[in-house]
Every structure is written in C-alpha cells, then in structure tokens.
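Thanks for coming. I will go through one model today, from single residues up to the whole chain and back again. Please have a look at it first.

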Amino acid sequence: MTEALLQKAAHILQVNDLGNYTVPTHGLYPFQWNWDSCLTALGQSHLNEDRAWTEIETLFDHQWDDGMVPHIVFHKEDDGYFPGPGVWATNRPVPTSGITQPAVAGFAIKSLYDRSKDKAKAAERARALLPKVFKWHEWFYANRDPKGSGLVAIIHPWESGRDNSVDWDDAFSRVPTEGVAPFVRRDTQHADPAHRPTQAQYERYIWLVQTFRNLNWDNSKLHDASPFQIVDPGFNGILLRAVSEVAALASELGETKIAQASLAQLDRGIDALEGLWNDKLGQYTCYDRVADRLVDSPSIGGLLAAFAPIPSHRAAAIADTLNKQSQNCNFLVASHDPLDPNFDAKRYWRGPVWLIVNYMIANGLHVAGQTDIATRIDNDSLRLIETSGFAEYYDPITGEPCGGDQFTWTAAMVIEILNMSKAAA
Ligand code: GLC
C-alpha cells in the first residue's frame with residue numbers, strides 16, 4: 001500500500017515538473033508559486049536531491065533587489081490564469097506578482113541540508129541560498145513591521161496562502177471596490193464556483209493589487225498605504241520556524257553574523273507572538289493592525305503557529321484544542337473550527353483540510369513532544385489520500401476531494417510524511 005502511494009505521488013511530481021520548477025497543477029495554477037515550491041522540494045528531496053535544490057534556487061533567481069520573494073513567478077505566458085502579469089505590471093525581466101507568500105524556504109533548505117547524502121555538495125548549495133533567504137527575512141522585518149513589534153503583517157490575503165479565510169472578513173470589508181477595472185476570473189472555469197472565493201472578495205483582491213501597482217510596488221510605501229494589514233500567527237509561525245532553522249544552518253556553516261541576527265529576530269518574534277494567544281479559544285488569533293484589535297476567529301492560522309518553537313505549554317494547549325476538534329470532524333485539521341457558524345466544509349480555506357498545513361502543524365507538534373496528536377494528524381492525511389486521491393484540499397467531514405486534482409504539494413507531503421514516519425519508526 002505504502003509503495004503504491006509513493007509511486008503515485010512520485011508520478012504526480014513528474015507530471016507537474018517543468019524542468020527547473022513545478023506547477024501546483026496544470027490548468028488552474030500554470031506558474032511557479034512560492035510556498036508550493038518550497039514544500040514541494042521536501043517531497044522531491046526523497047527522490048532526487050539535486051532536483052529539490054533546483055526548485056528553490058529557481059524561485060530565488062527571481063528575488064527582488066529589495067529582498068522580497070514574490071508569490072508567483074510567471075515563467076511562461078498562459079492566459080488561463082487571472083490576474084496575470086499584465087495586471088501586476090511589476091516590470092521584472094521575468095514577470096512576477098508583487099506580493100509575497102509564507103516564508104517556508106528557510107525551513108526547506110535546512111531540511112534538504114540535514115537529509116542530504118552528499119554533504120559537501122549540499123553545503124555548497126545551502127551556502128549560496130542562505131544569504132538570500134536571510135535577506136528575505138530582513139525584508140519582512142524592515143517592510144512589514146515598520147514599528148518593530150517583532151511580528152510582520154500581510155497586506156493582501158493572498159500573502160497568507162490562506163486566501164479567503166474567515167480571519168480576513170472584517171478587515172477585508174473595509175477594502176473598497178471602486179475603480180476596479182472589469183475582469184474575467186479564470187479560477188471558476190477550472191473548479192466548482194461554490195468552492196471558490198466570491199465575486200465581491202475577488203474585486204477587493206484586485207483593488208489592493210491596483211493600489212499597490214499605482215505605488216510602483218515600492219515596498220517602503222505599501223504597508224502603510226494598505227487598508228488591510230493583518231498580523232497572522234500562522235504566517236509569523238512559519239517565518240519564525242524558518243528564522244530558527246536559518247540560525248541553526250548559519251551556525252553550522254560558520255556564518256556567524258546571520259546566525260546571531262536570526263536568533264535576535266527569533267527571540268523578539270516568539271515574545272511578541274504571546275500577545276496573540278487567546279485562552280478562550282485555546283489557540284493564537286490574528287491581530288488587525290489598522291483597527292488595532294485582535295480578530296476573534298477560530299481558524300487554522302492560530303494552530304499553524306505550532307510549527308514555530310513556541311513555549312511547550314502553548315504547544316500542549318494547541319494539542320488539546322486539536323483533540324477537541326477531532327470529536328467534531330472525521331479528518332484533522334479543519335481550516336476553520338467546525339463548531340463555528342462561519343465554518344464552510346467545502347469553500348476554500350473556510351473549513352477544508354489542506355495537507356501542507358497538516359504537515360507543518362504535525363511537524364511542530366512532533367518536535368514539541370506532542371506525539372499522539374501529531375501522529376493522528378499524519379494518519380488522517382494519509383487516510384484522506386487513500387480515500388480521495390491527491391486533491392488540492394478536502395472536506396473535513398466527508399473526506400470528499402475539492403479544488404484541483406493531481407496536486408503537487410499534496411503529493412510532496414505524502415512522500416514527506418511516509419518517509420518521516422519510516423525514519424521515526
Ligand atoms: C491557492 C492557495 C495558495 C497556493 C496556490 C497555488 O491560491 O490558496 O496558498 O499557493 O493556490 O497552489
């Protein structure tokens with residue numbers, strides 16, 4: 001059974017492999033996505049180390065001069081996707097979007113380095129990527145935390161990777177739609193519209209893009225100009241885990257300055273994260289920087305923070321919350337609490353399970369010693385694949401596959417989870 005699953009997963013990676021980057025799935029997402037690639041590299045590393053490094057190197061070849069790593073690289077033209085390069089108009093030699101995505105790269109390069117068979121070669125590639133990843137982290141703290149709070153804000157929901165989470169609803173309702181040029185969506189032609197963001201949400205997504213474009217994508221201006229500034233514990237948790245891995249890798253490679261600066265970022269971030277803890281919900285929650293208030297929304301963002309080296313009593317509390325959730329859904333982890341009235345089992349990030357988030361939560365909880373719940377999450381991920389194939393995401397109650405199929409990061413996570421559990425056995 002395991003062997004057959006591994007083979008199917010490897011086949012999907014191959015089908016979506018365009019040589020030096022991998023598309024999430026043909027049709028719906030025909031370019032290179034930032035966190036997709038870094039998570040995909042984890043799966044690839046078990047099959048072909050060289051190819052895994054290339055996936056991340058290609059992404060960083062398109063890093064901006066200021067340090068930002070864009071959320072999409074439009075390597076080739078494809079008019080099946082909206083908004084394409086013409087809407088972003090970022091003026092890059094190879095067009096990219098103008099916003100970023102969760103900073104998984106630091107974690108990915110440390111994992112690739114640790115598991116590499118040819119250490120000398122891996123050290124060479126890690127040494128070349130390390131300053132670039134560090135520059136991206138510095139970019140985050142300089143541009144998305146201008147007041148030095150220790151935590152960074154996202155300025156567009158797409159940056160979170162959890163595109164239309166309930167977490168953004170309130171802040172997003174303050175984003176205007178006046179002046180949005182007419183457009184034709186492409187996502188609803190590839191996937192069931194009932195599972196996708198609404199038209200009103202889409203107009204707001206585009207309003208933000210147009211506003212940033214009018215500021216010439218100058219990152220020293222975008223944060224303050226955005227009516228949407230959210231401090232997401234999941235996004236910060238991923239960044240802090242990456243920062244801690246960069247610190248460890250840098251000290252192993254003798255890059256003392258990077259190691260020390262990263263440790264300072266880590267300490268400040270972990271302290272500041274504490275301000276997002278919500279005792280009533282047993283998880284972290286978002287903070288709306290414009291409205292200056294915490295967002296009372298029980299979404300997976302506050303559980304995903306367990307990927308970071310958070311205090312052990314916080315990891316234990318998140319494990320309890322997940323145990324409670326397991327009584328209300330068949331497959332962990334729902335992207336929104338199934339008991340909350342806003343839960344929507346099939347709509348994009350408002351309820352469904354995503355394997356990549358499962359992997360990161362389970363990984364953090366394994367490290368924190370919360371083995372029972374972490375193993376339960378891993379097993380639920382594999383059960384989903386066995387029942388429903390390699391979908392983009394799944395209904396947490398019925399296990400039904402949703403969104404795109406033959407999905408790259410889902411396949412990569414299966415390879416990763418199976419190999420990790422083999423290593424732990
Ligand atoms: C969707 C997801 C985002 C992902 C992209 C490509 O936009 O919300 O997280 O990176 O698809 O898979």
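A word on contact before I start: I mean heavy atoms within 4.5 Å. The model is predicted, so local features need pLDDT of at least 70 and side-chain atom pairs count only at pLDDT 80 or more, while totals for chains, interfaces and linings use all residues. Residues are numbered from 1 along each chain as its sequence is written, and side-chain values use heavy atoms, with hydrogens and water left out.

Let me begin with Thr 40. Which residues does Thr 40 touch, not counting residues up to four places away in sequence? They are Leu 13, Thr 22, Thr 408, Trp 409 and Ala 412. Thr 40 sits in helix H2, residues 34-44. When I say helix or strand, I mean DSSP runs numbered from the N terminus: H or I over at least four residues for a helix, E over at least two for a strand. Thr 40 has a relative accessible area of 1% and is therefore buried. Buried means under 20% relative accessible area, exposed means over 50%, and partly exposed is in between, with a 1.4 Å probe and protein chains only.

Now the whole protein. There are 18 helices and nine strands. The radius of gyration is 20 Å, close to the 22 Å that the globule rule gives for 425 residues, so the protein is as compact as a globular protein of that length. That radius is taken over C-alpha atoms, and the rule is 2.2 Å times the number of residues to the power 0.38. The C-alpha atoms fill a box of roughly 55 × 50 × 45 Å along the principal axes.

Of the 425 residues, 62% are buried. Among contacts with a separation of 6 or more, 71% are between residues 24 or more positions apart. The protein exposes about 15,600 Å², and carbon and sulfur atoms supply 49% of that. Those areas come from the Shrake-Rupley method with a 1.4 Å probe; for residues, only the protein chains shown count as cover.

On charges, there are 37 positive and 53 negative, and their mean positions are 2 Å apart. Lys and Arg count as positive, Asp and Glu as negative, and His and the chain ends are not counted. Each charge is placed at NZ of Lys, CZ of Arg, CG of Asp or CD of Glu.

Next, one helix in detail. H17 covers residues 371-388 and has 18 residues. From first C-alpha to last it reaches 26 Å, close to the 26 Å expected at 1.5 Å a residue; the expected span is 1.5 Å times one less than the number of residues. Its buried residues include Ile 373, Ile 377, Asp 378, Asp 380, Leu 384 and Ile 385. What covers the buried residues of H17? The cover includes helices H1 (2-15), H15 (312-325), H16 (355-367) and H18 (408-424), along with strands S8 (393-394) and S9 (401-402). Just after H17, Gly 389 takes a positive phi of about 80°.

Two loop residues come next. Leu 28 lies between H1 and strand S1 (32-33), and is buried because its relative accessibility is 5%. Leaving out residues up to four places away in sequence, Leu 28 touches Tyr 81, Asp 187, His 190, Arg 196, Glu 392 and Gly 404.

His 156 is in the loop between helix H6 (119-143) and helix H7 (157-160). Is His 156 buried or exposed? Buried, with a relative accessible area of 0%. With the same sequence neighbours left out, up to four places away, His 156 touches Ile 99, Tyr 205, Leu 208, Val 209, Phe 212 and Phe 228. His 156 and Thr 100 are 56 residues apart in sequence and 9.0 Å apart in space, C-alpha to C-alpha.

Last, some backbone details to look at. The peptide bond from Phe 82 to Pro 83 is cis, with omega near 0°, and Pro 83 lies in the loop between strand S2 (72-73) and helix H4 (85-88). Another cis bond joins Leu 332 and Val 333, with omega about -5°; Val 333 is in the loop between H15 and H16.

Ala 89 and Asn 91 have positive phi without being glycine: near 45° for Ala 89 and near 60° for Asn 91. Ala 89 lies in the loop between H4 and helix H5 (105-115), and so does Asn 91. Ala 89 is partly exposed because its relative accessibility is 38%, whereas Asn 91, at 77%, counts as exposed.
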